[in-house]
Amino acid sequence: MKSYDSGVTGYIHSVETFGAVDGPGIRYIVFVQGCPLRCVYCHNPDSWKMGEGKKTDSKTVADDIKDYLSFICRGGVTVSGGEPLLQPEFVADILRRCKEMGLHTALDTSGYADYSDALKVLKYTDLVLLDIKAYDAELYTKVTGADTDKAKLLLSLCETLAIKVWVRHVIVPQYTADIGQISRLADYLSAFSCIEKVEPIAFHKMGEYKWEKSERQYQLSDIQPPDSETMEKIKEIFSSRGLQL
């Protein structure tokens, strides 16, 4: 690990210099490498393994961001993944440097992290894009392969720290499209004042080829994206609880 002034070493998967969906405005997005979850619908399974991707440091990342200041000054920087909270020191130092440039910062996360690691990153975070995989514990394990859901802890932490949150929830037929599960999730989210909006996201298959390329079994080959009627019904459930979409 390098010195603080030189930057903190980490691994990134890729960057997107003109992102428009991962936070407000035009954004520079850093996709870090490594994820503890194995979501059945993941469109970047090549980002799972730690230690792969491009080895770099936070100063180098920040220096590249500077080249795009004129484009992202009214947007900001989002660190996504993989799971950014697997590299808390690296991500925290990227966001610290972004704050010094006067940029809005966002963290796109599943919330799967230890409390202390989350605090390191949240210190420099203006907005959390929290991907809640499922409300019910059994369904969470079915979707992610993990037996402990830490997203609720992170959401409570954001509430305490008054950090704004956009909740994301991927709608997958035969998995998370269950109306009962959606209703329980909506009831739960309605109690949080930190949530600015909820984004139900329709499952897609754009990353299926990556599973085939890596010789991993893709479990959703026979499942189609949710239809517009299903998505509208789900949106209505969230709206009926006073949640903004």
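These legends accompany a set of close-up views of a predicted model.

**View 1. Eight strands line up in one open sheet.**
Welcome to the overview panel. The strand order is 3-1-2-4-5-6-7-8, and the pairing is mixed. At the edges sit strand 3 (54-57) and strand 8 (195-202), each of which pairs on one side only. On average, neighbouring strands of this sheet are turned by 30° against each other, direction ignored. Strands of a sheet pair through backbone hydrogen bonds, either parallel or antiparallel.

**View 2. Strand 5 (residues 105-109) is largely enclosed by the rest of the structure.**
Is strand 5 enclosed or open? Five of its five residues are buried, so the rest of the structure largely encloses strand 5. In a regular strand the side chains alternate between the two faces of the sheet. Here, Thr-105, Leu-107 and Thr-109 point one way, while Ala-106 and Asp-108 point the other way. Whichever way they point, all of these residues are buried, and that includes Asp-108.

**View 3. Strand 5 pairs with strand 4 and with strand 6.**
Let us look at the two partners in turn. Strand 4 (residues 76-80) runs parallel to strand 5, and three bridges join the two. Among the bridge partners, Thr-78 is matched with Ala-106 of strand 5, and Val-79 is matched with Leu-107. Strand 6 (residues 127-131) also pairs with strand 5 in the parallel sense, over four bridges. In that pairing, Thr-109 has Leu-130 of strand 6 opposite it.

**View 4. Two right-handed β-α-β units share strand 5.**
Follow the chain from strand 4 through helix 3 (residues 88-100) to strand 5, and you have traced a right-handed β-α-β unit. Continue from strand 5 through helix 4 (residues 115-122) to strand 6, and you have traced another right-handed β-α-β unit. How do the helices of these units lie against each other? The axes of helix 3 and helix 4 come within 8 Å and cross at roughly 15°. Angles under 35 degrees count as roughly parallel, and helix 3 and helix 4 are therefore roughly parallel to each other. Their crossing is right-handed.

**View 5. Strand 7 (residues 164-171) pairs with strand 6 and strand 8.**
Seven of the eight residues of strand 7 are buried, so this strand is largely enclosed by the rest of the structure. Five bridges link strand 6 to strand 7, and these two strands run parallel. Leu-127 is found opposite Lys-164 of strand 7. Moving along to strand 8, seven bridges join strand 7 to it, again with the strands running parallel. Here Trp-166 has Lys-197 of strand 8 opposite it.

**View 6. Helix 7 (residues 179-189) links two strands and packs against helix 9 (residues 228-240).**
Together with strand 7 and strand 8, helix 7 makes a right-handed β-α-β unit. Helix 7 also packs with helix 9 at an angle of about 30°, their axes being 9 Å apart. Under the 35 degrees cut-off for roughly parallel, helix 7 and helix 9 are therefore roughly parallel to each other. Helix 7 passes helix 9 in a right-handed crossing.

**View 7. The cysteines form zero disulfides.**
A disulfide is a covalent bond between the sulfur atoms of two cysteines. The cut-off applied here is a sulfur-sulfur distance within 2.5 Å, and by this rule the count comes to zero. Why does Cys-42 have no such bond? The closest cysteine sulfur, in Cys-39, is 6.4 Å from the sulfur of Cys-42, which is too far for a bond. Cys-98 is in no disulfide either, as the nearest cysteine sulfur, that of Cys-73, is 13 Å away. Are Cys-42 and Cys-98 buried or exposed? Cys-42 counts as buried because its relative accessibility is 17%, with the limit set at under 20%. Cys-98 is buried too, with a relative accessible area of 0%.

**View 8. Ile-26 sits in the loop between strand 1 (9-19) and strand 2 (27-32).**
At 36% relative accessibility, Ile-26 counts as partly exposed. Its C-alpha lies 8.7 Å from that of Val-77, although Ile-26 and Val-77 are 51 residues apart in sequence.

How values were computed:
Residues are numbered from 1 along each chain as its sequence is written. This is a predicted model: local features need pLDDT of at least 70, side-chain atom pairs count only at pLDDT 80 or more; totals for chains, interfaces and linings use all residues. Side-chain values use heavy atoms; hydrogens and water are left out. Buried means under 20% relative accessible area, exposed over 50%, partly exposed in between (1.4 Å probe, protein chains only). Two strands pair if DSSP finds at least two bridges between them. A crossover is right-handed if, with the strands pointing away from the viewer, the path from the first strand over the helix to the second runs clockwise. Axes are lines fitted to C-alpha atoms, for helices over the stretch in contact, and angles run from 0 to 180 degrees between N-to-C directions. Angles under 35 degrees count as roughly parallel, over 145 as roughly antiparallel, 65 to 115 as roughly perpendicular and the rest as oblique. A crossing is left-handed if the near helix is turned anticlockwise from the far one by less than a right angle, and right-handed if clockwise.
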